[in-house]
Amino acid sequence: MTAFEQERRNKVQRLPARGQYEREEVYRIVDDALICHVGFVIDGQPFVIPTLHARDGDTLLLHGSSASRLMKHAGAGGALCITVTQVDGIVLARSIFNHSINYRSAVLFGRGQLVTAPEEKLAALACFTERLLPGRWDDAREPNRKELKATAVVAVPIDSASAKVRVGPPKDDEEDLALPVWAGVLPLGQSYGEPLADPGAAAELPLPEYLAAYLAARRE
Ligand SMILES: Cc1cc2nc3c(=O)[nH]c(=O)nc-3n(C[C@H](O)[C@H](O)[C@H](O)COP(=O)(O)OP(=O)(O)OC[C@H]3O[C@@H](n4cnc5c(N)ncnc54)[C@H](O)[C@@H]3O)c2cc1C
């Protein structure tokens, strides 16, 4: 896998040592995150909208209501800036100034293309569903024609991207190291809770095996 070329819009200026451009690094951050924020400008007004995403190679997939402003703009080839953020810890320094966050984030640039072929749309929706929970696509009912029509899928070939990562302990100034102030990192992550069955279910069903296996693998 090659790196993204460093150019004006994707080159990390502030703390450039934290910048990463290898596709593998950028895509790992993208794939680890459940949601992204899509930024776009209409008539000079910027909007940043949170949404789910899935990745297919060098293409990011978005989906949503065919009536949504975001999907209409993205599907018409509008310029997009898509960000993904993972917070890994709160960095507590001895000085207020050096407090920080441990994070992995990615910024992607591209223009959307509406996916119209039904089989491509279905494949994209399968990609989204399997990302939420592997095994779900084969279990739940597939979208019917009406539902497919109501759902827009937009493919965004990733033209340019960057990642920025902060890891490790606080970086206090030398003269602050002797201060009697606790310093370190408060790790922060996301975890799954216990599954809650839908109270409206017609019958009580056992937890699907793929869900139990998924949870078990993440709790090891
Ligand atoms: C969870 C989190 C919290 C943060 N909190 C703060 C804060 O409180 N204050 C603060 O100043 N900064 C914070 N940052 C860093 C912030 O995201 C920017 O990197 C920083 O503010 C510099 O912005 P800029 O537009 O001047 O970047 P520039 O370096 O000028 O940006 C140029 C290009 O570098 C790339 N780039 C910049 N930032 C990122 C990024 N985070 N991830 C991937 N690519 C990037 C983009 O392609 C961008 O177009 C935080 C980051 C994260 C992930």
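**Ser 100.** I began with Ser 100, which sits in strand E7. I counted 16 other C-beta atoms within 10 Å of Ser 100, so I entered it as partly exposed. Leaving out residues up to four places away in sequence, I found Ser 100 touching Val 91, Arg 166 and Pro 170. I also looked up a long-range pair: Ser 100 and Lys 171 are 71 residues apart along the chain, and their C-alpha atoms are separated by 9.1 Å. I note here that the model is predicted.

**Whole chain.** I then stepped back to the chain. I listed six helices and 10 strands. Of its 220 residues, 19% count as buried. The C-alpha atoms fill a box of roughly 65 × 45 × 35 Å along the principal axes. For contacts with a separation of 6 or more, I noted that 70% join residues 24 or more positions apart.

**Ligand shell.** Which residues come nearest to the ligand? I have Gln 13, Arg 14, Tyr 103, Ser 105 and Lys 164, out of 16 residues around it. I sorted the shell by class and got seven nonpolar, five polar and four charged residues. Strands E6 (79–92), E7 (100–111) and E9 (151–166) each supply at least two shell residues. E7 has the largest share, with five residues.

**Nonpolar core.** The largest nonpolar core has 29 residues. Within this core, I recorded Val 26, Ala 106, Val 154 and Val 156 as the residues with the most contacts. Elements that each give at least two residues to this core include helix H1 (23–32), helix H2 (69–75), helix H3 (118–132) and strand E5 (59–65). E9 gives the most to this core, with seven residues. I followed up Val 26: apart from neighbours within four places in sequence, Val 26 is in contact with Phe 4, Gln 20, Ala 106, Ala 161 and Ala 163.

**Helix H1.** Val 26 led me to the buried residues of H1, which are Val 26, Tyr 27, Ile 29 and Val 30. Seen down the axis of H1, these buried residues fall within an arc of 155°, so I entered them as lining one face of the helix. I add the general rule that an α-helix has 3.6 residues a turn, so residues three or four places apart point the same way. On the face of H1 turned away from the buried side I found the exposed residues Glu 24 and Asp 32. What covers the buried residues of H1? I found that the cover includes E1, strand E4 (54–56), E6, E7 and E9.

**Gln 20.** Gln 20, a contact of Val 26, is in strand E1. Is Gln 20 buried or exposed? I counted 21 C-beta neighbours inside 10 Å; the cut-off for buried is 20 or more, so Gln 20 counts as buried. Beyond its neighbours within four places in sequence, Gln 20 is in contact with Glu 25, Val 26, Ala 163 and Val 165. I also checked Gln 20 against Ala 106: they are 86 residues apart in sequence and 9.0 Å apart in space, C-alpha to C-alpha.

**Hairpin E2 and E3.** I moved on to E2 (35–42) and E3 (45–52). These strands pair in the antiparallel sense over eight bridges. One of the pairs I wrote down is His 37 with its bridge partner Pro 50 in E3. The two strands form a hairpin with two residues between them. E3 has eight residues and the number buried is zero, so I put E3 down as lying largely in the open.

**Positive phi.** In the turn of this hairpin, Asp 43 has a positive phi of about 50°, in a residue other than glycine. Asp 43 has 4 C-beta neighbours inside 10 Å and therefore counts as exposed. I found a positive phi of about 50° at Leu 15 as well, which is not a glycine. Leu 15 lies in the segment before strand E1 (19–20). Leu 15 has 9 C-beta neighbours inside 10 Å, so I entered it as exposed.

Definitions and conventions: Residues are numbered from 1 along each chain as its sequence is written. This is a predicted model: local features need pLDDT of at least 70, side-chain atom pairs count only at pLDDT 80 or more; totals for chains, interfaces and linings use all residues. A residue is near a molecule or strand if its C-beta atom, placed from the backbone, lies within 6 Å of it. Helices (H or I, at least four residues) and strands (E, at least two) are DSSP runs, numbered from the N terminus. Ala, Val, Leu, Ile, Met, Phe, Trp, Tyr, Cys and Pro count as nonpolar, Asp, Glu, Lys and Arg as charged, and the others, Gly among them, as polar. A residue is buried if 20 or more other C-beta atoms lie within 10 Å of its own, exposed if 12 or fewer, and partly exposed in between; C-beta atoms are placed from the backbone. Two residues are in contact if their C-beta atoms, placed from the backbone, lie within 7 Å. A nonpolar core is a set of buried Ala, Val, Leu, Ile, Met, Phe, Trp, Tyr and Cys residues joined through C-beta atoms within 7 Å. Two strands pair if DSSP finds at least two bridges between them. The arc is that of the directions from the helix axis to the C-beta atoms.
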